[in-house]
Amino acid sequence: MTEGERLNGVLLEALLDRAHELPPHLIGPLVAEELGRIGGREVSLLLQDYGQVLLVPLPGGGLTAGPPQRIDGSDAGRAFLGATRVEVPLADGVRLYLPLLDGGDHVGVLALTLDRVDDAVRRLLRRVAGIVADLLVTKQGYTDLFFRARRREPMSVAAEIQWSLLPPLVMSMPHVAVAGILEPAYDVAGDSFDYALNDDILHAAMIDAMGHGLDAATMATVAIGAYRHARRISIGLSEIYAFMDRAIAEQFGPDHFVTAQMMRLNTTTGHLQWVNAGHPAPLLIRDHEVVQELHSPTTLPVGFGGQEPQISEQTLRRGDRVLCFTDGLIEEHDTGGEQFGEEQLISWINHNERSEAGVRAVVRSLSHTLKRQRGGSTTDDATLFLIEWRGTTNEGRHPTGGGLHRYV
């Protein structure tokens with residue numbers, strides 16, 4: 001073992017050992033201190049804000065603060081959206097930006113400056129970034145520090161509830177990737193989504209509770225809780241619908257409802273199943289273009305006591321994406337005063353699909369584009385959730401399923 005390898009091992013060991021019992025506000029200073037051992041300076045931990053516009057420096061002794069950096073057009077933003085290391089030559093060294101990845105989720109960016117960089121240092125920093133991402137995710141469970149840093153506007157109580165319900169906004173695995181976004185980020189109420197990867201099955205749901213404010217957030221909380229409970233006792237999609245339906249009806253009475261879409265994707269075969277409870281039909285994206293609307297028989301929204309829903313099926317091809325969205329995206333009015341509509345949505349999906357690569361970048365870019373088209377604001381929640389099936393050697397070659405509308 002070389003002296004450099006020994007020092008690298010000491011640094012990683014120190015991070016793991018010392019961080020174990022440190023309070024959350026000392027994690028940043030610890031990272032800055034340990035990176036200082038290899039000559040790292042101007043260390044920053046940048047976290048994405050809730051609106052997915054800025055990367056915000058985490059405060060802490062030894063960390064470089066500075067103003068937030070815009071995700072679009074910045075070196076830090078390139079590292080964040082591309083999930084890749086970015087190196088910028090300087091007169092006195094190299095500025096490095098490393099994505100903080102935890103299980104495929106993009107937590108933020110680690111930035112530092114070094115006099116010089118070689119492959120051994122790059123490997124070390126990749127491992128350090130992984131440890132830091134894990135620490136931030138673990139420690140945020142019992143601190144408000146990271147949430148406060150990410151919050152750039154006042155947040156409603158309803159939005160606070162909704163954000164606390166969400167799984168990570170991004171998950172990226174060899175066979176499947178997902179990404180979601182909520183708008184308006186600081187005032188969302190009734191929209192939510194959930195997912196879980198259990199063995200080779202991806203479970204996903206998107207919901208839209210009627211109304212606004214705390215009433216909608218409360219209904220969404222019950223709906224997501226019922227969905228998770230039913231999913232975790234391993235019952236079928238039709239039974240999950242019935243379970244959620246009873247939960248909403250018993251808690252809120254006959255005049256309240258939640259539209260919902262529940263899905264299961266076999267990540268080995270690409271076989272997709274879904275149940276639609278009064279929700280807009282998802283869109284199938286192939287080769288960066290919307291090719292089909294995944295129409296299916298719908299049952300009544302959750303809470304209205306609908307009949308047993310019919311399970312719809314579709315076999316995906318490698319690289320196919322399925323986009324779910326709430327009606328706030330198509331029922332909102334654009335700056336010209338007309339309803340935005342599904343045709344405009346599809347047009348912008350095709351445009352953003354061709355200009356972006358990863359699922360996170362596509363969803364974020366699409367949401368921000370649509371918001372600009374609506375004059376920078378929305379009168380209703382507008383949520384997107386994208387699933388990408390990356391395929392295996394055994395995927396099906398041709399889509400199946402009926403009731404499909406094709407766009408050319």
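User: Ala, Val, Leu, Ile, Met, Phe, Trp, Tyr, Cys and Pro count as nonpolar, Asp, Glu, Lys and Arg as charged, and the others, Gly among them, as polar. How many residues of each class are in the lining of the largest pocket?

Analyst: This is a predicted model, in which local features need pLDDT of at least 70, side-chain atom pairs count only at pLDDT 80 or more, and totals for chains, interfaces and linings use all residues. Residues are numbered from 1 along each chain as its sequence is written, and side-chain values use heavy atoms, without hydrogens and water. A pocket is an open set of points on a 1 Å grid over the protein atoms alone, where a 1.4 Å probe fits, with protein on both sides within 12 Å along at least five of seven lines; lining residues have an atom within 4 Å of a point. By class, the lining has 13 nonpolar, 4 polar and 6 charged residues.

User: Which residues lie nearest the centre of the largest pocket?

Analyst: The elements that give two or more residues to its lining are β1 (41–48), β6 (105–114), α4 (119–139), α5 (145–150) and α6 (157–165); helices (H or I, at least four residues) and strands (E, at least two) are DSSP runs, numbered from the N terminus. Of the 23 lining residues, those nearest the centre are Asp105, Gln140, Phe147, Arg150 and Pro168.

User: Which side chain of opposite charge is nearest to Asp49?

Analyst: Asp49 sits in the loop between β1 and β2 (54–57), and its side chain reaches the backbone nitrogen of Val53 at 2.8 Å. Asp49 is buried (under 20% relative accessible area; exposed is over 50%, partly exposed in between, with a 1.4 Å probe and protein chains only). It has no salt bridge, that is, a side-chain nitrogen of Lys or Arg within 4 Å of a carboxyl oxygen of Asp or Glu. Lys and Arg count as positive and Asp and Glu as negative, His and the chain ends not being counted, and the nearest side chain of opposite charge, 6.0 Å away, is Arg152.

User: How many residues apart in sequence are the parts tied together by Asp115 and Arg41?

Analyst: Asp115 forms a salt bridge with Arg41, with the closest N and O atoms 2.8 Å apart. Asp115 lies in the loop between β6 and α4 and Arg41 in strand β1, so the parts tied together are apart in sequence by 74 residues.

User: Is Glu353, the partner of Arg321, buried or exposed?

Analyst: Arg321 and Glu353 meet in a salt bridge at 3.0 Å, N to O. Arg321 has 5% relative accessibility. Glu353 has a relative accessible area of 2%, so it counts as buried.

Notes: Polar contact = N/O pair within 3.5 Å; in protein donor to acceptor, adjacent residues only side chain to side chain.
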